[in-house]
Amino acid sequence: MDALVTLLTRRQECGTSVVVLSGAPGIGKTALALHAAHLAGGHYPEGCLLLPLTRPDGTALPAEEAAEELRRALPARPGEGRGRLLVLDDVVHPDQVRPLLTANTGGAAIVTSRMGLAALVATHGGAVFRLGALEPEESHALLTAVLGGERVGAEPSAARRLASLCGHFPLALRIAAARLLTRPRLRIADCADWLRHDLPARLTLADDPRMSVPLLLDGALHRLPPPLADAHLRLGATAHLPLTPGRAADVLGMPEETAEAVMEQLLDAGLLEEGPPGAFRMHELLRAHARRAAPRTAHQPTVLRPPRREECRQPADRPPAALR
């Protein structure tokens, strides 16, 4: 967080400073972006502006519409509209962002995306932070902040087990903590046992189905071309081992070079993580979701390109912004 805020407080006099926050669905990109914008906002005389890059129905916002929204938000008088911090949330394609950066000369932008956005970094530079699961002590701190030190301290081993079951995933931890917070007599150990018998399906909240790990991961697959989503499900059904190109080629029934390209695309979409050199791995929550989801088709993946903007969709009941 300190490094991110420091970058945001060193504004450029010309051009736009860019920080890209990427990572898996539910890893906390938007929450981090909003917190950093709050801390650094005093350095921007024109303030901060959150601009979601997806429509309310979950489809990607075209670059022209995004630029028009930004024009309406910026002051119209010449010489003004500079020194603004933009939070460009849930970007699905670099072309959505480039015109917005041009219009915000002298300011800065935090760009959140499940995609790596390497093409944007190649043309506009900037810092890149790829977020991963929390460290165990960070998970413990999150549970303590929500539930209180007395409750967590009364069941330290159960709290550690709950964090492990949640895969140290911020969204999963917040859902589990919210369940415990609203049920003060529920023991942490009993909550962990209940979750363990049906992960990740039970990582959801009854009063707001959008707060749901399965829904979030269903939406992530829905954004991908069907053959690439099918490849993710097939790879997720394999044994919990680092995924080498050779092992993926066996699972997907394709040449090793092609399998490696598929895994590179899944890595860029936030659905795989880098493992040992020459290998990838899948987070256990994503793997559990893939094991539960039956492959929609029997064909082998053939789409070996990043999804186009018009192919990138989310379900209308998408999670609240702060948890995407």
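These legends go with a handful of close-ups of one predicted model.

**View 1. Overall confidence and the low-scoring stretch at residues 296-317.** Averaged over the protein, pLDDT comes out at 85, and 84% of the residues score at least 70. Residues 296-317 are another story, with pLDDT staying under 50. The model still gives that stretch 68 contacts beyond four places in sequence. Before anyone sets up a calculation on them: where pLDDT is low, the predicted coordinates should not be read in detail.

**View 2. The largest nonpolar core, around L88 and L162.** This core has 79 residues, and L88 and L162 have the most contacts inside it. Helix α9, residues 170-181, gives the most to this core, chipping in seven residues. Zoom in on L162 and, leaving out residues up to four places away in sequence, you'll find it touching L143, A176, L180, I188, C191, A192 and L195. There's also a second, separate core of 14 residues, with L4, A37, A40 and I110 among them. As a general backdrop, nonpolar side chains in soluble globular proteins tend to be buried together.

**View 3. C166 and C191, two cysteines without a bond.** Why don't C166 and C191 form a bond? Their sulfurs sit 7.6 Å apart, which is too far, even though C191 holds the closest cysteine sulfur to that of C166. Seen from the other side, the nearest cysteine sulfur to C191 is that of C166. Both residues are tucked away: C166 is buried at 0% relative accessibility, and C191 is buried at 1%. The whole structure, in fact, holds zero disulfides.

**View 4. Helix α14 and what covers it.** Helix α14 runs over residues 256-268, 13 residues in total. From first C-alpha to last it reaches 18 Å, close to the 18 Å expected at 1.5 Å a residue. Its buried residues are A259, V262, M263, Q265, L266 and L267. The cover over them includes the strands β5 (127-131), β8 (273-274) and β9 (280-281), along with the helices α12 (226-236) and α13 (245-252). After α14 comes G270, with a positive phi near 85°.

**View 5. H289 and its polar partner D218.** H289 belongs to helix α15, residues 284-292. Is H289 buried or exposed? Buried, because its relative accessible area is 6%, below the 20% cut-off. The H289 side chain makes a polar contact with the side chain of D218 at 2.7 Å. Setting aside neighbours within four places in sequence, H289 is in contact with P200, P214, L217, D218 and L221.

Definitions and conventions
Residues numbered from 1 in each chain as written. Predicted model: local features only at pLDDT ≥ 70, side-chain atom pairs only at ≥ 80, totals over all residues. Heavy atoms only, no water. Helix = DSSP H or I, 4+ residues; strand = E, 2+ residues; numbered from the N terminus. Buried < 20%, exposed > 50% of the residue type's maximum accessible area, 1.4 Å probe, protein only. Polar contact = N/O pair within 3.5 Å; in protein donor to acceptor, adjacent residues only side chain to side chain. Contact = heavy atoms within 4.5 Å. Core = buried A, V, L, I, M, F, W, Y, C linked by side-chain atoms within 4.5 Å. pLDDT = per-residue confidence, 0-100. Disulfide = S-S within 2.5 Å. Expected span 1.5 Å × (residues − 1).
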